[in-house]
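Please find below some notes on the structure, set out as numbered points. They deal with side-chain pairs, a pocket, a surface patch and a few loop residues.

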Amino acid sequence: MTLEIIKPGLSTSIQDLGRPGYFHLGIPIGGAMDRFALRAANMLVGNAEDAAGLEAVFMGPEIKFTQDGVVAVTGAEMPITLDGESRACWASFDVKAGQVLGFGFLQSGARIYIAVSGGFATKPDLGSRSTYPIGSLGGLNGRPISAGDEIPIGEGGASHGGKSVPEDLRRRPGSPAELRVLPGLYWNRLTETAGQRFFEDMWTVAPEADRMGYRFKGGRPLEFVEREQPFGAGADPSNIVDGCYSYGSIQVPGGTEPIVLHRDAVSGGGYFTLGAIISADMDLIGQLQPNKLVRFVKVDMEQALAARKDRKELLSKIGRELG
Amino acid sequence: MKTRYTFGGDEHVYVEMDEEMSLDAFFKSLSMSNAVREANIPGVTEICPANASFQVKFDPDVTHPNDMLAQIKELEHKAEAAEKRLSTRIIEIPVFYQDPWTHDCVMRFRERHQDPSGTDLDYAARINGYDSVASFIEAHHSQPWFVSMVGFVAGLPFLYQLVEREKQLQVPKYLRPRTDTPKLTVGYGGCFSCVYSVRGAGGYQMFGITPMPIYDPEQSVSYLKDFMVFFKPGDIVKWKPIDQTEYDRVTAAVEAGTYVPRIAEVDFDLEEFNADMAGTNAKLMEALNDT
């Protein structure tokens, strides 16, 4: 079966859990910004957790179904309609051939995930259907969706809707959002005072926030330990000899505005990084709107691993709940 | 060289061989990342060598980060003891220096450049002490280069020239990055040359363009049918200056599916190179003549 895109939304793309294994060639891991929400959506419609779904940012698409199926929408808070009638989020519901799925205005969060029983069955590139437009990989011929697209849907999945993820098992950023950071990488480039201030200051999400990275502003500029710049590094104290960037690493070009690298980030470059957001909190970034208040919270490795375990446990609970 | 081990969040170990760029640091990062690959440590998902560092991505649920770091650290002695030899290939990449397309882009973004009065090549030649653009271009292509890292965006190689430090060319990046760079631009920033694999933003100075695609997700280019990315770390490159006629000929041949890049298998020995750079380079480049 296929479904038809009537309106694409802002930048709606097909995403699964990503394309690991090619980072050494400059091809990012890609995949859903909020993988927790995509996994939950897939579980709701009886798909494998890594099936491809739609990721829509700030604005929902309008989709017409050509065959009966089961749909679930998770992630951001955005009113859902089926032929104009309201449907609940974080829940699965039946759709009939000819019906149209639509969305109201975004209420909180940033990205919704739409899963359809059977999953989106576009052609995988390098083992993944995730859309990576810079490299023309995945998605529909390497691009996000547009009006008039007919997207193939696979076989299988749940035959009926009616399941729901309980409120206490859903995960979304608080206010202000707290993002836990493990200092490392080139942390040693910062003065002690700068290191403290980074965690003391309140930051806001800048307008430059997308799948490549999230920029933050509002905190005090960072000061660097003085040194003679090493050969090949470049003249600015925030420069290093170009190296790999970790997923979630925080670079601060010129010491002013931190940028957290996300799923479609460049794989390397010449800016120092002061550490990385812990793996458990990367999903939360996918739900941050511009102007949202954010605090970075310093943690150690054991706390990072405990948070990772908690996130995993929450997903298992959803799995058990949905049977 | 002082090796530094650190974590990038809970999923990466990052190893900096040295703060500064050198062939020794690059070689050590390449041999250590090879050693990590051969060690098959459970949980490792990505091994990414870079210019003077490398990164290992792993699943901390499989191997605890402290154990991962310790196991990688143990491989340092093995990498140090290993012969600094590399079986690799030398590739001739045709470059149309001062071509009309990058020139047009150079002029469009003049206000973001250190010296808006001239071109990127005028500026690069002057600050590196060359009396003409022609002699600077010759310095760029007369000696071969190592692909020291592939990344930034899909398939983009960073290259480091096989010459003494005094002879390394160095240029800063644009004051503010451009929003556009033609696909296959040969660029320069810091002590690295690069080839922009796709069109897009960029901050490197622009010297010319190659007609030879190096990234093809559709895999329709004849020599990219097996894999969509052309370069890998450790490749050696020799730039070959070409004019518009040759550029057009190669472009047509690529489109017709008949273009075959000139490639020769070579061995590179770091100690041999350090003892006799000119001689080692001459031998490397001679290998291309046998193809």
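1. A residue is called buried under 20% relative accessible area, exposed over 50%, and partly exposed in between. Glu62(A), at 25% relative accessibility, therefore counts as partly exposed. The model is predicted, and the values below should be read with that in mind.

2. Glu62(A) has a charged partner: its side chain meets that of Lys7(A) in a salt bridge, at 3.8 Å from N to O. The pair links distant parts of the chain, with Lys7(A) in strand β1 of chain A and Glu62(A) in strand β4 (residues 62–65) of chain A, 55 residues apart. Over all chains, the count comes to 43 salt bridges.

3. A second pair in chain A is formed by Glu167(A) and Arg170(A), whose side chains meet in a salt bridge of 3.3 Å, N to O. The two ends fall in opposite classes: Glu167(A) is exposed, with a relative accessible area of 52%, whereas Arg170(A) is buried, at 16%.

4. Which residue of chain B meets the side chain of Arg308(A) in a salt bridge? The partner is Glu11(B), with an N to O distance of 2.8 Å. Arg308(A) lies in helix α4 of chain A and Glu11(B) in the loop between β1 (4–8) and β2 (12–16) of chain B, so the pair joins two chains. Arg308(A) counts as buried because its relative accessibility is 13%, and Glu11(B), at 10%, also counts as buried.

5. The contact between Arg308(A) and Glu11(B) belongs to a wider arrangement. Arg308(A), Lys312(A), Asp10(B), Glu11(B), Lys57(B), Asp59(B) and Asp61(B) are linked in a network of salt bridges.

6. Three of these names, Arg308(A), Glu11(B) and Asp59(B), return in the second largest pocket, where they lie nearest the centre together with Arg35(A) and Arg39(A). The space in this pocket is about 580 Å³, and 23 residues line it. By class, the lining has 13 charged, 7 nonpolar and 3 polar residues.

7. Both chains contribute to that lining. At least two residues each come from α1 (35–44) and α4 (301–322) of chain A and from β3 (44–49) and β4 (53–58) of chain B. The largest share, 5 residues, is supplied by α4(A), the helix in which Arg308(A) lies.

8. Turning to the surface, Leu10(A), Phe58(A) and Met59(A) make a nonpolar patch of about 280 Å². Leu10(A) is found in the loop between β1 (2–7) and β2 (13–15) of chain A. With a relative accessible area of 56%, Leu10(A) is exposed.

9. Two further loop residues may be noted. Arg143(A) is in the loop between β10 (108–116) and β11 (150–152) of chain A and counts as partly exposed, at 31% relative accessibility. The C-alpha atoms of Arg143(A) and Tyr132(A) are separated by 7.1 Å, with their positions 11 residues apart along the chain.

10. In chain B, Gln98(B) has its place in the loop between β5 (85–97) and α3 (100–108). Is Gln98(B) buried or exposed? Its relative accessible area is 51%, so Gln98(B) is exposed. From C-alpha to C-alpha, Gln98(B) and His140(B) are 13 Å apart in space, and in sequence they are 42 residues apart.

Methods:
Residues numbered from 1 in each chain as written. Chains lettered and ligands numbered in written order. Predicted model: local features only at pLDDT ≥ 70, side-chain atom pairs only at ≥ 80, totals over all residues. Heavy atoms only, no water. 1 Å grid on protein atoms, 1.4 Å probe; cavity = no way out; pocket = protein on both sides within 12 Å on 5 of 7 lines; lining within 4 Å. Points joined across faces, edges and corners; volume = space filled by probe spheres on them. Helix = DSSP H or I, 4+ residues; strand = E, 2+ residues; numbered from the N terminus. Nonpolar A, V, L, I, M, F, W, Y, C, P; charged D, E, K, R; others polar. Patch = residues over 30% accessible without salt bridge, like charges linked within 9 Å, V, L, I, M, F, W, Y side chains within 5 Å. Areas by Shrake-Rupley, 256 points an atom, 1.4 Å probe, with all protein chains shown as cover. Salt bridge = Lys/Arg side-chain N within 4 Å of Asp/Glu carboxyl O. Buried < 20%, exposed > 50% of the residue type's maximum accessible area, 1.4 Å probe, protein only.
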